[in-house]
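Subject: Aromatic contacts in the model

Hello,

Here is the structure I promised. Please open it alongside this note. My findings on its aromatic rings follow below.

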Amino acid sequence: MRIAFFNTKGGTGKTTLAFNVAKDLNMFLITNDGSTLENIYHNKVKIVKELEVYDDSKVNIVYDLGNYLFSDVTKVLEYSHIVVIPTTLDPDAITKTIRTVQKIESYCGKIIIVVNRTESQTKSKSHYIKSIAQLKELGKELFMLRKSELMPNSMFQGETILEQISTNPLTKRSATNFVMEYQNILYSIQKGT
Ligand SMILES: Nc1ncnc2c1ncn2[C@@H]1O[C@H](COP(=O)(O)OP(=O)(O)OP(=O)(O)O)[C@@H](O)[C@H]1O
Ligand SMILES: [Mg+2]
């Protein structure tokens, strides 16, 4: 099973989500973002400057495809069972996300888009509604993931979202909606692989 997290737009949550999904699904993680991952995911993370596809169906790999050349990621995207494209709702992210999907959809399998760091107070705003409508036109499954401290915390502590709520019942109560959204994404990924 191979899952790729990709968007040509930076800072959309690729690495954080890739780490959470990899650890929650007990998969290896391939990335070139070595900074913290090396410390928090020890022997299950491989930091590589040049990508290669592991065409072994017994090895389950999550690829965090930030900061690689586009020419290098193509093959990995092609060989992935599912490509997750996290985005935010700022105009530049929306434009780049649309371009990214259009560029890769002809040779990718299942693509899902995660609208990350959403905030409930912006949901009624016209720019939000317009951006969501633009993304929907791409015809891909769309998931929302609201803003939560559990995301940066996962990288600081090396504990996934699900691990954080299982060790702290208070966290679980205050982050119910966020956790539900994350679990929906996880479920869709598992279903598609
Ligand atoms: N849902 C969220 N709630 C709060 N903070 C978030 C959320 N998602 C991501 N972040 C924060 O946004 C920042 C960027 O996330 P991350 O590094 O995972 O993005 P990236 O796409 O890997 O960036 P790059 O393109 O630079 O590799 C991090 O500080 C992360 O903790
Ligand atoms: Mg990254």
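One cut-off first: a residue counts as buried under 20% relative accessible area, as exposed over 50%, and as partly exposed in between. Please keep in mind that this is a predicted model.

F70 has a relative accessible area of 25%, so F70 is partly exposed. F6 comes out at 3%, so F6 is buried.

Now the ring pairs. The count is 2 aromatic pairs. F6 and F70 form one of them: their ring centres are 6.0 Å apart and their planes stand at 40°. An angle under 30 degrees would be stacked and one over 60 edge-to-face, so this pair is tilted. The two rings come from distant parts of the chain, 64 residues apart. F6 sits in the loop between β1 (2-5) and α1 (14-24), while F70 belongs to helix α3 (residues 70-79).

F19 and Y41 also pair. Their ring centres lie 5.6 Å apart, with the planes at 85°, so this pair is edge-to-face. Distant parts of the chain are linked here too: F19 is in helix α1, and Y41 is in the loop between α2 (37-40) and β3 (45-47). The separation is 22 residues. F19 and Y41 are both buried.

Last, the charges over rings. K103 lies over the face of F70, 4.1 Å from the ring centre. F70 therefore has a ring partner in F6 as well as a lysine over its face. K44 places its charged end over the ring of F28, at 5.0 Å from the centre.

Best wishes

Methods: Residues are numbered from 1 along each chain as its sequence is written. Chains are lettered from A and ligands numbered from 1 in the order in which they are written. This is a predicted model: local features need pLDDT of at least 70, side-chain atom pairs count only at pLDDT 80 or more; totals for chains, interfaces and linings use all residues. Side-chain values use heavy atoms; hydrogens and water are left out. Rings of Phe, Tyr and Trp (its six-membered ring) pair if their centres lie within 6.5 Å; planes under 30 degrees apart count as stacked, over 60 as edge-to-face and the rest as tilted. Helices (H or I, at least four residues) and strands (E, at least two) are DSSP runs, numbered from the N terminus. Buried means under 20% relative accessible area, exposed over 50%, partly exposed in between (1.4 Å probe, protein chains only). A charge sits over a ring if NZ of Lys or CZ of Arg is within 6 Å of the ring centre and within 35 degrees of the ring normal.
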